[in-house]
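Please work through the exercises below with the sequence and the structure at hand, trying each task before reading its solution.

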Amino acid sequence: MSVAFAERFAMPAVVHGPRPVISFHGVSKVYGNHVVALREVDLAIHQGDFCFLVGASGAGKSTLVRLLIREETPSTGRIFVEGDEITRMARRKLPKLRRRFGIVFQDYKLLANRTVAQNVAFALQVTRPGQRHLREKVEEVLWIVGLEDKLDKFPDELSGGEQQRVAIARALVHRPHIFVADEPTGNLDPDTSWGIVQLLLQINHRGTTVLMATHNREIVDLVRRRVIAVEQGRVVRDEAQGSYLRPGDATL
Ligand SMILES: Nc1ncnc2c1ncn2[C@@H]1O[C@H](COP(=O)(O)OP(=O)(O)OP(=O)(O)O)[C@@H](O)[C@H]1O
Ligand SMILES: [Mg+2]
């Protein structure tokens, strides 16, 4: 962890206040095809939490993530982010809401015809035109993710793990309060996956709340952080230092 990272990205000392940074109240989601993806989900996540979201394929993890970043709206229930009810938020306020999140998915979605530095800079230019000290900010986040020597490479010159680090840098450059990762290690080998999770733990260590949906049993069991398990749209388990499976479960 660099000093620059600590200074620039540190949040004030975290004291768990009574109000969570994220809360779901009786949230259900029924898609247009009548699939019930989430059922009556209640959830509270506090600043500085690191949460794994686990569950079988189709359990509702990505739906929960998409509702949180207001890519989808719930069929019933309410969701609050840092005190704002996002389920009722006007469309014009959504760009500002999304800037509170750093978002990373399984596929890195990098722009193939732009360099690493340009990919990160582009994210900042789109959301905050006229940003000052752009190059410095870009270099700094790429240094944080350990890619300071790859600034001028194109995505297809990088390994999968390096591409995911660029995606993380791109998400970090906004200095998000909440980092949301949906299967960020889904396409990566075990060692590279571990490196990505270490990076998310470092980000969390500075006070950023992290929510990571994953199928990676080994990582969840090694890291032993909060585990929220979803099964057929319901939160069936929420443990402070949880494991991927409940003892006695056969498989997920
Ligand atoms: N846009 C959509 N329209 C209709 N149904 C959807 C849509 N997205 C997801 N679903 C359905 O909702 C349910 C939950 O899907 P979701 O993607 O949230 O699961 P998941 O836990 O993320 O699964 P995975 O581990 O495979 O990523 C599934 O039955 C899925 O088929
Ligand atoms: Mg998913």
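## Exercises on a predicted model

In this predicted model, Arg-226 counts as buried, with a relative accessibility of 14%.

**Exercise 1.** Determine which residue meets the side chain of Arg-226 in a salt bridge, and which parts the pair ties together.

*Solution.* Begin with the contact itself: the side chains of Arg-226 and Asp-238 meet in a salt bridge, at 2.8 Å from N to O. Next, place both residues: Arg-226 belongs to strand S9 (residues 226-231) and Asp-238 to strand S10 (residues 234-239), so the pair ties together parts that are 12 residues apart in sequence. Then turn to accessibility, where Asp-238, at 39%, counts as partly exposed. Finally, look for further partners, since Asp-49 is linked with Arg-226 and Asp-238 in a network of salt bridges.

**Exercise 2.** Classify Glu-72 and Lys-29 as buried, partly exposed or exposed, and describe their salt bridge.

*Solution.* The limit for buried is under 20% relative accessible area. Lys-29, at 8%, is therefore buried, whereas Glu-72, at 26%, is partly exposed. The closest N and O atoms of their salt bridge are 3.4 Å apart. Because Glu-72 sits in the loop between H2 and strand S4 (76-81) and Lys-29 in strand S1 (residues 22-30), the pair ties together parts that are 43 residues apart in sequence.

**Exercise 3.** Which side chains place a polar atom by an oxygen atom of ligand 1?

*Solution.* Lys-61 has a polar side-chain atom 2.7 Å from an oxygen atom of ligand 1, and Ser-62 has one at 2.8 Å from an oxygen atom of the ligand. Taken alone, ligand 1 exposes 630 Å², of which the protein buries 65%. Helix H2 (residues 61-68) gives the largest share of the surrounding shell, 4 residues.

Note on methods:
Residues numbered from 1 in each chain as written. Chains lettered and ligands numbered in written order. Predicted model: local features only at pLDDT ≥ 70, side-chain atom pairs only at ≥ 80, totals over all residues. Heavy atoms only, no water. Polar contact = N/O pair within 3.5 Å; in protein donor to acceptor, adjacent residues only side chain to side chain. Areas by Shrake-Rupley, 256 points an atom, 1.4 Å probe, with all protein chains shown as cover. Helix = DSSP H or I, 4+ residues; strand = E, 2+ residues; numbered from the N terminus. Salt bridge = Lys/Arg side-chain N within 4 Å of Asp/Glu carboxyl O. Buried < 20%, exposed > 50% of the residue type's maximum accessible area, 1.4 Å probe, protein only.
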